[in-house]
Amino acid sequence: MLASFSLLGIGNALMQTSLNPLVSLVIKGNLASTLTFGQFVKAIASFMAPYIASWGALATIPTFGMGWRVLFPIYMLFGVIATLLLFATPIEEEKEEGKSSSILDCVRLLSNPIVLLSFIGIMCHVGIDVGTNTTAPKLLMERHEMSLNDAAFATSLYFIFRTIGCLTGSFFLRVMSNKLFFIISVIMMALAMIGLAVGTEKMVLYASIALVGYGNSNIFSIVFARALVSDKERQNEISGLMIMGLFGGTLFPLLMGFASDIFGQVGAVAVMALGVLYLFTYIPNIKSTK
């Protein structure tokens, strides 16, 4: 099991590192919009997984005796088909010149201000994403004495609006500037943090979870695209650095745990609010392009 989880994690990191620069070679238009649509497709897979597992457990679909585990061969089949289609697609990549970049060379790219600021932005995005999933149910349990099963709806609500955000965001990023849409998204997240911090009514908390789900859905694509175009000759290295920013999903929950032990769940919300505050400071670095 440990080996399986390790392979899944490594494979996921390799795909995210390589696919984003590859998309920049194929797409000559709005890169952020395309990356957002990719996040939407990814969100569908996350959203459907529990349903496919449930259908397998109830034998609603052929399971060949595997029950809910039929989810794994189904996703494996999609993965193999996607790999074969990508392999058969002719894509002209620029030939690498000179020696390959070392890990130290990649880290040195952080000396580029926009790369460093984007790296921190990705950390904040992932930290808020993971933090909301862990904190939202706890807030409902703390303020409304809900059971764990009932409070778990908060996570589903977050993913529903994150999926909607990815789908609609891929359209909005084609008709309005990246900078304007980024500003709107961060304002939504700021309002959500206020609601989560001081809200007591159940509907206020649900609305706040929906706002942060929608607002945070397009941050990754805009920040990632901005970092990639900052140095088109080092896109592979920059992509790898940005994926390292997923470390924010480990750092933020750790800090949120310490804060919640001292101040309750409002302390965890305050840590996420710091991430939103940083995203406000990132706004001047986004180019006002469609």
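**Notebook: cysteines, fold and a nonpolar patch**

I began with Cys166, which counts as buried because its relative accessibility is 0%. By buried I mean under 20% relative accessible area, by exposed over 50%, and by partly exposed anything in between (1.4 Å probe, protein chains only). I note that this is a predicted model, in which local features need pLDDT of at least 70 and side-chain atom pairs count only at pLDDT 80 or more, while totals for chains, interfaces and linings use all residues. I number residues from 1 along each chain as its sequence is written, and side-chain values use heavy atoms, with hydrogens and water left out.

**Entry: cysteines**

I searched the whole structure for disulfides (pairs of cysteine sulfur atoms within 2.5 Å) and found zero. Cys124 is in no disulfide, and the nearest cysteine sulfur, that of Cys166, is 18 Å away. Why is the sulfur of Cys166 in no bond with that of Cys124? The two sulfurs lie 18 Å apart, which is too far for a bond. I also looked up the cover of Cys124: at 7% relative accessibility, Cys124 counts as buried.

**Entry: the chain as a whole**

I counted 13 helices and zero strands; helices (H or I, at least four residues) and strands (E, at least two) are DSSP runs, numbered from the N terminus. The radius of gyration is 20 Å, close to the 19 Å of the globule rule for 290 residues, so the chain is as compact as a globular protein of that length. This radius is taken over C-alpha atoms, and the rule is 2.2 Å times the number of residues to the power 0.38. Along the principal axes, the C-alpha atoms fill a box of roughly 60 × 55 × 40 Å.

I then checked burial and contacts. Of the 290 residues, 42% count as buried. Among contacts (heavy atoms within 4.5 Å) with a separation of 6 or more, 76% join residues 24 or more positions apart.

**Entry: surface**

I recorded an exposed area of about 15900 Å² for the chain, 71% of it supplied by carbon and sulfur atoms. Accessible areas come from the Shrake-Rupley method with a 1.4 Å probe; for residues, only the protein chains shown count as cover.

Which elements give two or more residues to the nonpolar patch? They are α8 (178–198) and α13 (265–282), and α8 gives the most, with four residues. Phe280 is found in helix α13 and counts as partly exposed, because its relative accessibility is 34%.
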